[in-house]
Amino acid sequence: MPQDLNDLKNNFNINNIKKLIKKYSSPFWIYDADTIYKKIKLLKQFDVIRFAQKSCSNINILRLMKNKNIKIDAVSLGEIERALLSGFQPNTNEIIFTADILDQETLFKVVDYKIPVNAGSLDMLKQLGKISPGHHVWIRINPGFGYGHSKKTNTGGENSKHGIWDPELAIPIIKKYKLKLVGLHMHIGSGVNYIHLKKVCQSMMKYAFKLNQEISSISAGGGLPVPYTFTEKPIDIKKYFNLWNEARKKISQFLGKKIELEIEPGRFLVAESGILISKVWATKKTGNKTFILIDAGFNDLMRPTMYGSYHHISVIPGDNRIINEQEMTDTVVAGPLCESGDIFTQEEGGTLQIRKLPIIKIGDYLIFHDTGAYGASMSSNYNTRPLIPEILIKNNNSFIIRRRQTIQEILQLEL
């Protein structure tokens, strides 16, 4: 949920942000370690919390997770390397590799480091089994249905590339290559609808009973939502856990052994910990619309363009005036890219969304709330724009955890 900048109890209060604006040049990301720690505590009932690092993969954020005994999910060779560099140990279950393919370099890495593989395709099991008998594997099951806040975040059903459609076909492969099946994983998409959640739990039980294998864990996947507006209600973690815990108990009873219950949150742990700070460089009238042009683009924050995602926007004056929040105006917020889709206030499909904002002047700063997940991690160099800095607030101090990339560093790859 967006934090009130006037609440001095928050690390993201107006006084702290003004100090950071003086210290660092915009645009830049800020993360608050305290918020991440609070989110971790909310999930303490689960046996294993496994962070989906794709949501925020900075090694300094991963080290915060490691310090709280959080395990890690990696979805690429690069994410495996990030996890290892952050202190997560190979030849344990601290790192799990989740994917639908295994290229040769990644295959050799997971074999050499004995990293368990969460297989989303039968071909992965065959490729792994041929060179690493006894390797620990999970089956990622596509239950035949999905759910998500966007079509692009729906990871189940016949239109999804993720998971194994008929997991019974995996068992002969696992036995042929003497792989060790340790768990079943199911993730249908981002956002939680409790009707769909019950279906997922029932589906997990159905496949656990049908496969009848000596697994030790089940994974509830991730996709836990966060409230991006002031009116949205936070997810009921107790209700979420109880539904999965009932499924776990029945599976444990059926198999005659204790089954661990994992959860794989990404944005739930980090989204509300992050904000994006940008500066206003131009304002213009186009027909009946007022455009505010800032120095951050969709190469920095992709979610509005990609999904039509909403991020609350606060205004901090660049001068000493007091913002009049009673006098609001219809506003479109856009970035500097040579791209019509570089709009931060839009719906899915690209329809412009008018946002009620105070009167904004050149030199003011716009704060995009709840950008800790899929913000920096989805950034690109589109328009040859350098990646912007990431700042971490911890113990009332701020640290640069990724410096600003230079144009020369981008060009050097091509010389």
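A crossing of two helices is called left-handed if the near helix is turned anticlockwise from the far one by less than a right angle, and right-handed if the turn is clockwise. With that convention in mind, the tour of this predicted model can begin at a left-handed case, where α4 passes α5.

Select residues 77-85, which form helix α4, together with residues 104-112, which form helix α5; the two pack at an angle of about 30°, and their axes lie 10 Å apart. Showing side chains on both helices brings up the contact itself, in which Leu77, Ile80, Glu81 and Leu84 of α4 meet Glu105, Thr106, Lys109 and Val110 of α5. Coloured by class, the residues of this contact of α4 with α5 separate into four nonpolar, one polar and three charged.

Keep α4 on display and add residues 59-67, helix α3, which packs with α4 at an angle of about 55°, the axes being 9 Å apart. Because of that angle, α3 counts as oblique to α4. Here α3 passes α4 in a right-handed crossing. The side chains to pick out are Ile59, Leu62 and Arg63 on α3, with Arg82, Ala83 and Leu85 on α4, and the contact of α3 with α4 comprises four nonpolar, no polar and two charged residues.

Return next to α5 and select helix α6, residues 122-131; α5 and α6 pack at an angle of about 55°, with 11 Å between their axes. This angle makes α5 oblique to α6, and the crossing of α5 and α6 is right-handed. On the α5 side the contact is made by Leu107, Phe108, Val110 and Val111, and on the α6 side by Gln127, Leu128 and Ile131. Which classes appear in the contact of α5 with α6? Its residues divide into six nonpolar, one polar and no charged.

The last stop is helix α8, residues 194-211, whose 18 residues should span 26 Å at 1.5 Å a residue; a distance drawn between its end C-alpha atoms gives 25 Å, which agrees. Within α8, select the buried residues, namely Leu197, Val200, Cys201, Ser203, Met204, Met205, Tyr207, Ala208 and Leu211. To see what surrounds these buried residues of α8, add α7 (170-176), β7 (180-185), β8 (217-219) and α9 (237-255), against which they pack. Finally, step along the chain to Asn212, which follows α8 and has a positive phi, near 55°.

Technical notes. Residues are numbered from 1 along each chain as its sequence is written. This is a predicted model: local features need pLDDT of at least 70, side-chain atom pairs count only at pLDDT 80 or more; totals for chains, interfaces and linings use all residues. Side-chain values use heavy atoms; hydrogens and water are left out. Axes are lines fitted to C-alpha atoms, for helices over the stretch in contact, and angles run from 0 to 180 degrees between N-to-C directions. Helices (H or I, at least four residues) and strands (E, at least two) are DSSP runs, numbered from the N terminus. Contact means heavy atoms within 4.5 Å. Ala, Val, Leu, Ile, Met, Phe, Trp, Tyr, Cys and Pro count as nonpolar, Asp, Glu, Lys and Arg as charged, and the others, Gly among them, as polar. Angles under 35 degrees count as roughly parallel, over 145 as roughly antiparallel, 65 to 115 as roughly perpendicular and the rest as oblique. The expected span of a helix is 1.5 Å times one less than its number of residues. Buried means under 20% relative accessible area, exposed over 50%, partly exposed in between (1.4 Å probe, protein chains only).
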